[in-house]
Amino acid sequence: MALFNKKGFCLLLIQKMANIPSAPFTSSQESLPLSQETYDSLLQLLDCQNDTVLLPTLRDIPDPVSVEESAPVMQSSRSCLPATTAWPGSYEFQVKFIQEKLAKHVNWTYSTTQNKLYIRRYHPCPFSLFVNSMMPKNVFIRAMAVYTSPEHASEIVTRCITHYSREVPYRDDTEHFVRCESNQAMYQVDPETKRHSVIVPFENPTVGQHFSTYLFKFPCFSSCSGGPNRRPLTLIITLEQGNNVLGRLTMGLKICSSPGRDRASDEQISLPEKPIPVPSRKKRKEEKKRDLNDEEKSEYAIKVDNRDLCSTSEDDSSQSG
């Protein structure tokens, strides 16, 4: 607090009035100073003779708070078109599927050549996630399904009405296409993009392990009408800390009734066609010459219907001999 006499306080107040306009102004506007007559008249109106007053200094006066600065603005950290390119980042974020056998009747299978997961509806699949160092507690995993083809990439992957209506009562994960079997899983809908995702805290591997395992499952088929409707799907798994993406995994996704059969069919289709061998000109000549020699050495049998004629021919040939 600063100590002023009453006259000094009045003078300071008049100076402030002379420099501060009565209405808000932009940076291009300036306040006009008071005239000398107005200044003297203000001094006469204010009976500034004696007494002192306590005037707070500028340090004691709090700065005005803007309405725009005080109101928090919610912003989305994800794009309308999520990135579908794998990026391990500095933590070398990777996934591995541990499957003991490959058979036709399996609940899930992963194709390394196709980079695609084939899985039955509502069957959990273990995802073994790797990082190259211990992670802090505020790191989490996010899983999201998107359409692979560019013409459908902007659409949101939703569930079909048939399977959706069977889940009663309604839960937080009822509308979500990707599920995680964890008590700490949280299901989110982005306020701007409206995309569905599930997040779960990242758990560092236990002693003796080099990976953390999460169980994901999918409540609808890829062929469900009103849902994916046979459109190709891509599963995106990101390692995040706040609004920062530390690593990203992507893979194709197909929810079907026979994962082993569909995987074998897709891998067979993707195999390159074997070229038909064309023999050389020299080889073709040798084969043609060989065919002519075989024809000269061949024996032919003639079928004769008239036996008498045949015997007469034989007698004539013997007499002539």
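Tutor: One definition before we dive in: two residues are in contact when they have heavy atoms within 4.5 Å of each other. Also keep in mind that the model you're looking at is predicted.

Student: Got it. Which residues does serine 212 touch, not counting residues up to four places away in sequence?
Tutor: Start by finding serine 212, which sits in strand E11, residues 212-217. Now leave out anything up to four places away in sequence and see what serine 212 still touches. That gives you Phe127, Ser128, Leu129, Phe202, Glu203, Asn204 and Pro205.

Student: Is serine 212 buried or exposed?
Tutor: Look at its relative accessible area, which is 5%. Buried means under 20%. Because 5% falls under that cut-off, serine 212 counts as buried.

Student: How far does the backbone oxygen of glutamate 203 lie from a polar atom of the side chain of serine 212?
Tutor: Glutamate 203 was among the residues that serine 212 touches. Here we take the backbone oxygen of glutamate 203 and a polar atom of the serine 212 side chain. The distance between these two atoms is 2.3 Å.

Student: What order do the strands have in the open sheet of 4 strands?
Tutor: Strands of a sheet pair through backbone hydrogen bonds, either parallel or antiparallel. In this open sheet the pairing is antiparallel. Read across the 4 strands and the order is E3-E6-E11-E8.

Student: Which strands stand at the edges, each with a single partner strand?
Tutor: An edge strand has one partner, so one of its sides is left without a neighbour in the sheet. Two strands here fit that description, one spanning 94-96 and the other 179-180. They are E3 and E8.

Student: Which residue stands opposite lysine 96 in E6?
Tutor: Strand E6 covers residues 125-130, and E3 pairs with it in the antiparallel sense over 3 bridges. Follow lysine 96 across to E6. The residue facing it is serine 128.

Student: Let's try a helix. What span should the 12 residues of helix H5 have?
Tutor: H5 runs over residues 259-270, and we allow 1.5 Å a residue. The steps number one less than the residues, which is why the count isn't simply 12 times 1.5 Å. The end C-alpha atoms lie 17 Å apart, which agrees with the expected span of 16 Å.

Student: Which residues are buried in H5?
Tutor: The way to spot them is to look for low relative accessible area, under 20%. What covers the buried residues of H5 includes strands E4, E5 and E13. On the face turned away from the buried side, H5 carries the exposed residues Gln268 and Ile269. The buried ones are Pro259, Gly260, Asp262, Arg263 and Asp266.

Student: How wide is the arc they cover around the axis of H5?
Tutor: An α-helix has 3.6 residues a turn, so residues three or four places apart point the same way. In H5, the buried residues Pro259, Gly260, Asp262, Arg263 and Asp266 lie on the same side, because their arc around the axis is only 165°.

Student: How many of the 9 residues of strand E12 are buried?
Tutor: E12 covers residues 233-241 and has strands paired with it: 9 bridges join E7 to E12, and 9 bridges join E12 to E13. E12 is largely enclosed by the rest of the structure, because the number of its residues that are buried is 8.

Student: In the hairpin of E12 and E13, which glycine takes a positive phi?
Tutor: These strands run antiparallel, and glutamate 240 stands opposite valine 245 in E13. The hairpin has 2 residues between the strands. The one with a positive phi near 65° is glycine 242.

Student: Which residue in the turn of the E4 and E5 hairpin has a positive phi?
Tutor: E4 and E5 run antiparallel, joined by 4 bridges. In one of these pairings, serine 111 has lysine 116 as its bridge partner in E5. The hairpin leaves 4 residues between the strands, and the one with a phi of about 50° is asparagine 115.

Student: Last one: how far apart in space are proline 201 and arginine 142, C-alpha to C-alpha?
Tutor: Proline 201 is in strand E10, residues 196-201, and counts as partly exposed at 28% relative accessibility. In sequence, proline 201 and arginine 142 are 59 residues apart. In space, their C-alpha separation is 8.9 Å.

Conventions
Residues numbered from 1 in each chain as written. Predicted model: local features only at pLDDT ≥ 70, side-chain atom pairs only at ≥ 80, totals over all residues. Heavy atoms only, no water. Buried < 20%, exposed > 50% of the residue type's maximum accessible area, 1.4 Å probe, protein only. Polar contact = N/O pair within 3.5 Å; in protein donor to acceptor, adjacent residues only side chain to side chain. Pairing = 2+ DSSP bridges. Arc of directions from axis to C-beta.
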